[in-house]
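The following paragraphs lead the reader through a predicted model. They turn to the contact between chains and then to a sheet.

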Amino acid sequence: MAHDHNPLLDPQRLDRRSLLTGILAMVGGVAIAPIARAMQAGMDPGYTVEKPYMTDDQRKLTAAVSERIIPTTDTPGAIAAGVPAFIEMMLSEWYWQDERDLVMGGLTAINAFAQTTYGKPFAGATPVQQDAILTLAMDKQLTGAPADAFEHLRQMVIFGYYSSEIGCTIERVYLPVPGRYDGAYPYADVNRVFSS
Amino acid sequence: MSDYEFDAIVIGSGVSGGWAAKELTEKGMKVLMLDRGRMVEHGTDYPFEGTGAWEQPYRGDTPPALTESDYYASRYGGAGQTAVKDFMNNDRLNPYAIKDGPEFRWVRPGIVGGKSITWGRVSLRFGPQDFTANGQDGHGVDWPIRYDDIAPWYSYVEAYAGIAGSKEGLTHLPDGEFQPPHPMNVAEIWAKERLEKAIPGRKLIPTRVANMTEDKPEQGRSRCQSRSQCNRGCSFGAYFSTQAVTLPAARATNKLTLLADQVVTSLEYDPTTKKVTGVRTIDANTKVAKTYRSRIVFLCASAMASNQILLNSKLEGSDKSFANASGALGRYIMDHPMLTVFSGNLPQGVHADLIEYGRKPTGVYIPRFRNIDGQDPDADFVRGYGCQGGGHRDVANATGFGASMKEGLRKYGAWSVGFNVFGECLPYLDNTITLHPDKVDRFGVPQALFNVTYRDNERKMMTDAKVQGEKMMKAAGLVDVYAEERPHIPGDSIHEMGGACMGKDPRTSVTNKWNQLHDAQNVFVTDGSALSSTSCVNPSLTFMAFTARAADYAVKQVKAGVI
C-alpha cells in the first residue's frame with residue numbers, strides 16, 4: 001500500500017539517482033554539486049507521484065501558482081525545486097479529503113478568475129496579472145475560493161520548497177554534520193538561514 | 001556456574017535490559033537477552049541518519065491516516081516522523097485496551113534497544129529528598145533505600161555512559177561524573193544571568209544529557225556532532241543507547257545470546273521453591289512458543305510491559321499472579337505531567353547579529369525550587385517540578401508571497417527562550433495497570449488496561465508552575481511572555497513508572513531493596529516499574545543505576561549459592 005512505500009528503498013529510484021550522477025560526471029566535474037543537482041532538480045523532485053491526482057492543466061496551474069509564491073530570484077524557484085510535484089504527491093497520498101478539497105477549490109477559483117478577467121488560464125497570464133489574482137486570494141477577496149485556501153497553498157509551497165534539496169542546500173545553508181555548536185555565531189558570516 | 005542453559009535471562013534490551021546484559025556478562029554470567037522488537041544493528045540499521053528532508057518519505061512527516069490507524073499511541077513518541085516511525089510500536093498490530101479506561105498514552109518502541117534509541121537523553125539524578133518523600137508525606141510506599149545507597153551506582157553508570165553537565169553543588173539535584181556541559185547560547189546566558197540575579201537561589205543550568213562532549217575511544221564512540229537528529233540513530237555513538245554502549249560491551253564478553261522478535265508472554269513459577277523456572281516466549285514471526293530456562297531473570301521489559309508480564313504469570317490453578325501476594329502489583333502507576341509551558345523573547349535588537357551554528361541536542365534546565373526545605377508556605381501541593389527548555393532563534397515569520405517573502409525568510413526572528421514543566425506525580429494505590437478481562441493481542445496475551453489519572457496535587461502543582469513560569473520569564477528580562485497549562489494526559493512524558501514498587505514490607509510492596517521480587521527471589525525487576533516514586537526528574541539514569549546495582553547484588557548471591 002502506498003503509505004508503506006518507502007521511496008528511498010525503491011531500487012528504480014536508486015538507479016535513477018546513480019544514472020543522474022553519471023550524467024553529471026560526463027558533463028564535467030567543474031559544477032558545484034548542489035548547483036549541478038539544481039540543474040536537474042526539475043526532473044528529480046525526490047520522489048515519483050505514484051497516484052496521479054491532477055490533470056495536465058491543473059499541473060500547469062499549480063506550477064504557475066507555486067512559482068509566483070516562491071519565484072526564481074538569485075536562487076532557483078519553486079518549479080526548479082520540484083514543488084508542484086510535491087504538492088500533487090501530498091494531495092494524492094498524504095492529505096485528508098477536506099484538505100484536498102480546500103486546496104483544489106482555491107486553485108480552481110484562481111484559474112476561473114484568470115479566465116473570466118483576462119481571458120486566459122492563470123498559467124498564461126502575465127506575472128503582474130498573476131500577482132494581482134494571488135493578492136485577491138490572499139486577501140480572501142477571490143470569488144469562489146474557500147477562505148483558507150490561499151494560506152494553505154502558500155504553506156504547502158513554503159514547506160515543499162524549504163524541505164527540497166534546492167531549498168535546503170542552495171537557498172539555505174545545509175549542515176549535515178556541523179561537528180560543533182556555537183551559540184553566538186555571527187549572522188553576517190552566512191547571511192542566510194541554516195537548514196536542518 | 002549453573003545447570004541451566006543460561007545463567008541469566010534478561011527480558012528487554014532497552015536502557016535497563018542493556019545495562020543488565022552488560023553487567024551480568026562482564027561478571028561472567030552466560031546471558032540470554034530477549035526482546036519482542038525487531039533487530040536494529042548500530043549504524044547499519046539507521047536508514048535515515050544524515051538524510052535531508054528531501055530524502056525522506058513525505059519530507060519526514062508520516063501520513064496522518066497511517067499515524068491514526070497504526071501509531072495512535074506511539075505518535076506521542078515520535079512516530080509522526082517517518083525517520084522514527086519504524087523504531088516505534090505498531091499499535092494496530094500490538095494494541096492495548098486504550099478505549100476501555102481513561103486515556104493513557106502508552107508509547108512503546110518496537111526494536112531491540114527499546115526506547116534507548118529514541119529517548120530524550122536527559123540524565124538527572126534523583127536527590128536525597130526523593131527517597132524520603134514517600135515516608136515523610138505518607139504517599140505510596142516508603143523507599144527501602146536512601147540516596148546514599150544508590151549514589152555510587154549513579155557515578156558508575158554516568159562515567160561509562162558519558163553524561164555532559166555542569167557541577168552546581170545543589171543538594172537536591174546532586175552532581176555526578178560529568179563531561180563538560182554543552183555550551184549555552186547567548187539567549188540562554190541572557191536568561192540565566194537575569195533570572196539568577198532577580199530570584200536569589202534560583203538556577204538555570206545546562207541540561208545534563210547523555211550526549212557526550214568528549215570522545216570515548218575505548219568504546220569506539222565520538223562526541224556529539226551537533227546534528228540533533230538523535231532519534232534517527234547515531235553512528236557516532238555520541239549518545240547513550242543500547243546499540244552504541246551496553247550491547248557492544250556485552251557482546252565483547254562472548255557470553256551474550258541476543259534474540260530479537262521474542263515476545264515474552266509470562267514467567268513459569270514453582271511455588272515450592274518460590275522461584276521462576278522459565279520464561280515463556282512466542283516468536284513474533286513464526287508464532288512458535290518456547291520456554292527458556294535460567295538461574296535468574298532480569299525483568300527489564302519497560303515499566304508497563306514488565307507489569308503486564310508479571311500480571312500474566314499466574315499461580316497454577318489460579319487467576320492471581322505469583323508476584324502479587326501483596327496485592328500491590330500493578331498499582332501506584334505514575335508518569336510526569338508535563339504540559340505546562342512558558343516562554344518569552346529577548347527584547348528586540350538583543351543579540352540580533354548572532355545566530356546558532358550547529359544544532360545542540362539539549363538546552364537548559366531550571367531545577368526544582370518548590371518545597372525544597374520543607375513545605376513552602378505559599379504552596380498548596382506537596383513535592384515539586386523541574387523545567388526543561390532552551391533558547392533558540394527561529395526563522396523570521398514572513399507574510400505575503402513572492403520575492404519579498406523569499407527574502408524575508410532569509411532572516412531570523414527574535415531569540416526566544418521556552419520551557420515545559422515536568423512535575424512529580426504522587427503514587428496512588430488506585431492508579432493501576434490490569435489485564436483486560438476479554439481482549440487479547442495476537443499472541444494471546446491479555447491486553448494492558450490502564451486506569452491512571454492525575455489528581456488534585458498534580459493539578460495544583462502544574463497550575464503553580466504556570467504562575468511561577470510566567471514570573472521567571474519576566475524576571476529573566478524576557479518580553480512577549482507566554483504561559484499556558486495544557487491538558488496533562490498520563491503517558492505523555494513517556495516516564496511511566498511503578499506497579500512493582502520497592503518496599504521493605506512484602507505485604508505492601510512487590511520488590512525489595514535489591515529490585516528482587518518478594519515472591520520470587522531469583523527475579524530482579526530493574527526498569528521503571530520498581531520505582532516507588534517518580535521524583536520530578538527524567539528517570540532513565542536512575543533505571544541504569546538500579547540495574548547495575550541489582551546485577552552486582554544478584555551475581556554475588558548466585559556465587560554465594562543463595563539463589
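Two strands are taken to pair if DSSP finds at least two bridges between them. Strand S2 of chain A and strand S13 (residues 354-357) of chain B meet this criterion, pairing in the antiparallel sense over three bridges. Within this pairing, A:Pro186 stands opposite B:Leu354.

The contact that these strands join draws on 64 residues from chain A and 50 residues from chain B. Between them, the two chains bury about 4,800 Å², with 61% of that area on carbon and sulfur atoms. On the side of chain A, the residues that lose the most area to chain B are A:Trp94, A:Tyr181 and A:Tyr187, which together account for 17% of what that side buries.

Polar interactions also cross the interface: 30 residue pairs are in polar contact, and two salt bridges are found. B:Arg410 forms a salt bridge with A:Asp74, where the closest N and O atoms are 2.9 Å apart. Several elements of chain A each supply at least two residues to the side touching chain B, among them helix H3 (56-69) and helix H7 (149-162). Helix H7 of chain A gives the most, with seven residues. By class, that side of chain A divides into 35 nonpolar, 16 polar and 13 charged residues.

Chain B also contains an open sheet of six strands, in the order S5-S14-S15-S16-S12-S19, with antiparallel pairing. Its edge strands are S5 (205-206) and S19 (479-485). Strands S12 and S16 of chain B pair over five bridges, and B:Val341 stands opposite B:Asn420 in S16. Helix H10 (residues 456-475) of chain B lies across S12, S14, S15, S16 and S19, running at about 175 degrees to S19.

Definitions and conventions
Residues numbered from 1 in each chain as written. Chains lettered and ligands numbered in written order. Predicted model: local features only at pLDDT ≥ 70, side-chain atom pairs only at ≥ 80, totals over all residues. Heavy atoms only, no water. Helix = DSSP H or I, 4+ residues; strand = E, 2+ residues; numbered from the N terminus. Contact = heavy atoms within 4.5 Å. Axes fitted to C-alpha atoms, helices over the stretch in contact; angles between N-to-C directions. Buried area = accessible area lost by both parts, 1.4 Å probe. Salt bridge = Lys/Arg side-chain N within 4 Å of Asp/Glu carboxyl O. Polar contact = N/O pair within 3.5 Å; in protein donor to acceptor, adjacent residues only side chain to side chain. Nonpolar A, V, L, I, M, F, W, Y, C, P; charged D, E, K, R; others polar.
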